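Here are a few exercises to work through with the model open beside you. Try each one yourself, then read the solution.

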Amino acid sequence: MAEPTGRVRVDAWAWAVRLFPTRSAAAAACRAGHVRVNGERAKPATQVVPGDEVQVRGGARERLVVVQRLLVKRVSAEVAQASYLDRSPVPPPRTQVALAGQRDRGAGRPTKRERREIEKLRGR
């Protein structure tokens, strides 16, 4: 497998190392502002080089990885994990995660005030 030299698009690299299920999902996350390269918001065409720090927000947890190898094509999970150094924060134990409040059946949607309280409990 020939490794690319120089630089690689961040959306292609994030998909190749399995941070996203599809390349279009990686590009959409970049456009939405959920991907940062070296602390700066990244567009899908942002170039990465070995040593760059890529932060991916969204999903179940936040990922913080350092590029070790450049990849353009999707590879096996073992090769993908060897292509970056994972510095992601440890997820909180399930006992500390605030659960969404249970609503009575037929109570309708939460009001704006209730939504704000739910977001505050989730820490957002």
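**Warm-up**

Among contacts (heavy atoms within 4.5 Å) in the protein between residues at least 6 apart in sequence, 46% join residues at least 24 apart. Keep in mind that this is a predicted model: local features need pLDDT of at least 70, side-chain atom pairs count only at pLDDT 80 or more, and totals for chains, interfaces and linings use all residues. Residues are numbered from 1 along each chain as its sequence is written, and side-chain values use heavy atoms, with hydrogens and water left out.

**Exercise 1**

Work out the order of helices and strands from the N terminus on.

*Solution.* Start with the tally: the protein has four helices and seven strands. Helices (H or I, at least four residues) and strands (E, at least two) are DSSP runs, numbered from the N terminus. Now walk along the chain, and you get β-α-α-β-β-β-β-β-α-β-α.

**Exercise 2**

Find the aromatic pair and say which parts of the chain the pair links.

*Solution.* The structure holds one aromatic pair (rings of Phe, Tyr and Trp, its six-membered ring, with centres within 6.5 Å; planes under 30 degrees apart are stacked, over 60 edge-to-face, the rest tilted). Trp13 and Tyr84 make up this edge-to-face pair, at 6.4 Å centre to centre and 75° between the planes. Next, place the partners: Trp13 is in helix α1 and Tyr84 in strand β7 (residues 84-86), 71 residues apart. Last, check the cover: Trp13 and Tyr84 are buried. Buried means under 20% relative accessible area, exposed over 50%, and partly exposed in between, with a 1.4 Å probe and protein chains only.

**Exercise 3**

Trace the salt bridges of Asp11 and say whether Asp11 is buried or exposed.

*Solution.* First, locate Asp11: look in helix α1 (residues 10-16). With a relative accessible area of 3%, Asp11 is buried. Then look for salt bridges (a side-chain nitrogen of Lys or Arg within 4 Å of a carboxyl oxygen of Asp or Glu). Arg9 pairs with Asp11, the closest N and O atoms being 3.1 Å apart. Asp11 also forms a salt bridge with Arg23, at 3.6 Å between the closest N and O atoms. Arg23 sits in helix α2 (residues 23-31) and Asp11 in helix α1, so this pair ties together parts twelve residues apart in sequence. Both arginines count as partly exposed: Arg9 at 32% relative accessibility, Arg23 at 35%.
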